[in-house]
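Student: I've got a model open and would like to talk through how its parts fit together. Can we take it one question at a time?

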Amino acid sequence: MVALYINGVHHELDVSPEMPILWAVRDVVGLTGTKFGCGVAACGACTVHLDGKAIRSCVTPVSAAAGRHVTTIEGLAPEGKEHPLQAAWVEDQVPQCGYCQSGQIMSAAALIKKTPNPSDKEIEAAMSGNICRCGCYERINSAIRRAAHETANA
Amino acid sequence: MSGTLNRTDFLAYTGRLGAGLCIALSLPLGTKAADLATGAAGTTPAGEFAPNAWVRIAPDETVTVMVSKSEMGQGIATGFCTILADELDAPIANVRYAFAPASPEYVDAFFGDMTTGGSTSTPDSWMPLRQAGATARAMLVAAAAKQWSVDPATCTAANGVVTHAASSKTATYGSLASAASQIAVPKDVPLKTPDRFTLIGKHVARLDTPFKVNGKAKYGIDTVVPGMVHASVVRSPVFGGSVSHFDATKAKAINGVIDVFAISSGVAVVAKNTWAARQAHDAVHVAWNDGPNAHVNSKVLLEQAHALVATAKVAKKVGDVTSVHGTTLKSTFETPFLAHAPMEPMNATADVRADGVEVWAPTQVQTRSQQIAMAITGLPANKVQVHTTYLGGGFGRRLDADYVGDAVEISKKIGKPVKVTWPREQDIQHDFYRPMSVNAVTGTLDASGNLVALSHTVVADSVAKRWAPPLFKDGIDPLALDGAWNTPYDVANMDYRYVDQNSGVPVGFMRAPAANVNTFATEVFMDELAHAAHKDPVAFRLALLSKAPRAAAVLQAAAKAAGYGKKMPAGQAQGIALCLWGGSYGALVADVSLNGTDVVVHRTVMAVDCGTVINPDIVRMQTQGAVNYGLAMARSAKITLANGRVSQTNFYDYTVLRNADAPPTHVIVMPSTEKPSGIGELGTPPIAPAIANAVFKLNGKRIRKLPFSDALA
């Protein structure tokens, strides 16, 4: 049994402690917004926040989250609201297939939380662990700049 | 199933689908209408107007468009809704869509079944969708006119409302739905002239975007069916190998593992969750019979491909290449096998019951998926329902539905619904690969430097031979010559040859198949010819494009917008390339520098002509993405084989494009009134030759081999 918070809700999960957070969240809790891409922390599709920091949930055992807070794409913004990045993603029409976008947005959210006004190089560095096979990178970066700008001017 | 689905069947289907999915998936808006997060058709309320297979209009004003093509990122769902809503004169805000079931109503005229590929969706479906929308509109108008006892010709329809101006009467489409159902379906309803389009060619925000930024869009891998278990299949490391025997003792000891057994594609492990299945997958010990491909080696295959050039058969001949003399250039190009590697790993969910089968799959081939399930279960088509989910990328990989077979076979064996999820390593090692190829090209320039003869030989495994056997005739795979023999260049004497390498490696279609290789050869060679003729590469090409004005126009537009020929910053150079795909024309200029053996692309400019544009921003989006896909293919990616086994395993050794490596792409969308043509793949072929042509300017080295990282090593 592993006890943790997922999107602010306390869960006691009857899973083996080695189970990656990815599969606990998807198969056990039923939140499928977090995606499986590679299983080896090489693509970023599974990115979630652990106590506010971006981690690759496919290689992080659920035991590492015991007593801590996991945030997934479903919990990035309060129910019925959207995070500035989600609004920017829509404004810039970023997604194509969309499969990687939960991970992209979670990585970007951790970036702008730590670095509210990231330079282009900081964006590239923070986002290069997230693969998008549709090649939406140009729009991902413009949406991050937009969200950072709009947050700063809010 | 024979003949066409009638309306009763259609409604029965959609009703059942809605009910089925409501159990498993939440409908966030609490609506019974089609759910954009899942692509499920929703329930069919009473009084709904369903004049044809493509559109339904509900009393609550909701317009549901049935999308017969797979939404894999190309924006086809939004495009189809836009086309139909324009002719229907419905506000786009009222439009929803649902993914169509595998059914004869939705068979594509080109493929003869339900397939999404070849950049054919918009060109093939544009007229049926317009006719469906216009017909529905005419029936709504007729219903209103009948209610008001006026001549339908005196009524107008716009923005989802029918108006009779003389009496100031109005009625919304929703209020007319029930009455419109009683109107006889008219034939040959006139379509709008383009000047009356209200949505086509305008900016319409993609309808799927809101669900793709909050985690709610449901892909195949997100399918949840009550009572479902999870599975993984251990496959032969050598193509065509089979299970000799296996030991599942360790696998079965893992907590959550339900069963381990052999199926046709390997050894299946079934568990309570994906993680347990994956652990069991790694714990099964399988002894394989490697079969005839145990010694396949890509180095040897490449040598064989070079040797096969001389044996190629003539596929197309224009004039006589031996009749002219002058300066002759010969070049040979090499490209490797490649894996598609879409972000969503292969997966499928199946529920095989005595009374029928349901399949949920991220697939580009609904009919083939259905046929696979029919073959395994022995059930007829009307007992096999295929639910298409969102696809986490396709790129041609999902033109094969091998993963559907896994799920159906396992579900049949265990009598429960099952979701099969492939590890990424299997996606890389068990793909239907972009074929390795050798292109041998010869050109002859006359004394004035004009190209008077061109010979082009392609050696590559035939994809058509397996995927569309009737196309492969007399040893010629016509698809394997795309990007070569459909050249826009007017050359008096041309000779195109092909030979199927028959390597034993499974091969498939990959974004702009064949053209993504052959265009590399043709467009690098064009630069070589221009250089030999002491001519500017753009001027040299334009001189050969007098009979292809659309090709000439995109070339000029790209060159102009990019400032081709201008002085570049130190260490940077521009390369240009032209390409054709899906009936469309594209030209790309790349600004390139070198970082050791790595090519750095600073920016690209691409001009595209895809005929009538449905959605300009989706055209830009697809072009940007297709260019990046082509860059990923050319920069450092390769699949190699040793001892019949693929050497690459995952994203750390099969390299793809990452954020820092992706250039911005400025897209010029050419205005056109020609019929729409494809845009999902056009951007992929020209990037590699454009880079190679820039590299020549940088260091004088002709790149005739991909990936660049190998060619520059």
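Student: How many Å apart are the C-alpha centres of domain 1 and domain 3 of chain B?

Tutor: First, this is a predicted model, so to speak: local features need pLDDT of at least 70, side-chain atom pairs count only at pLDDT 80 or more, and totals for chains, interfaces and linings use all residues. Residues are numbered from 1 along each chain as its sequence is written, while chains are lettered from A and ligands numbered from 1 in the order in which they are written. Domain 1 covers 7–212 and domain 3 covers 298–337 + 433–711 of chain B, with bounds from an automatic or database domain assignment. Their C-alpha centres sit apart by 39 Å.

Student: Which helix gives the largest share of the side of domain 1 of chain B that touches domain 3 of chain B?

Tutor: The contact takes 19 residues from domain 1 and 20 from domain 3 of chain B, where contact puts C-beta atoms, placed from the backbone, within 7 Å. On the domain 1 side, α2 (76–88) and α3 (121–148) of chain B each supply at least two residues; helices (H or I, at least four residues) and strands (E, at least two) are DSSP runs, numbered from the N terminus. The largest share, four residues, comes from α2(B).

Student: Which strands stand at the edges of the seven-strand open sheet in chain B?

Tutor: The order is β10-β11-β8-β18-β15-β16-β17 (chain B), with mixed pairing; strands pair if DSSP finds at least two bridges between them. Two strands have a single partner each, so one side of each is left without a neighbour in the sheet: β10 (257–263) and β17 (384–388) of chain B.

Technical notes:
Contact = placed C-beta atoms within 7 Å.
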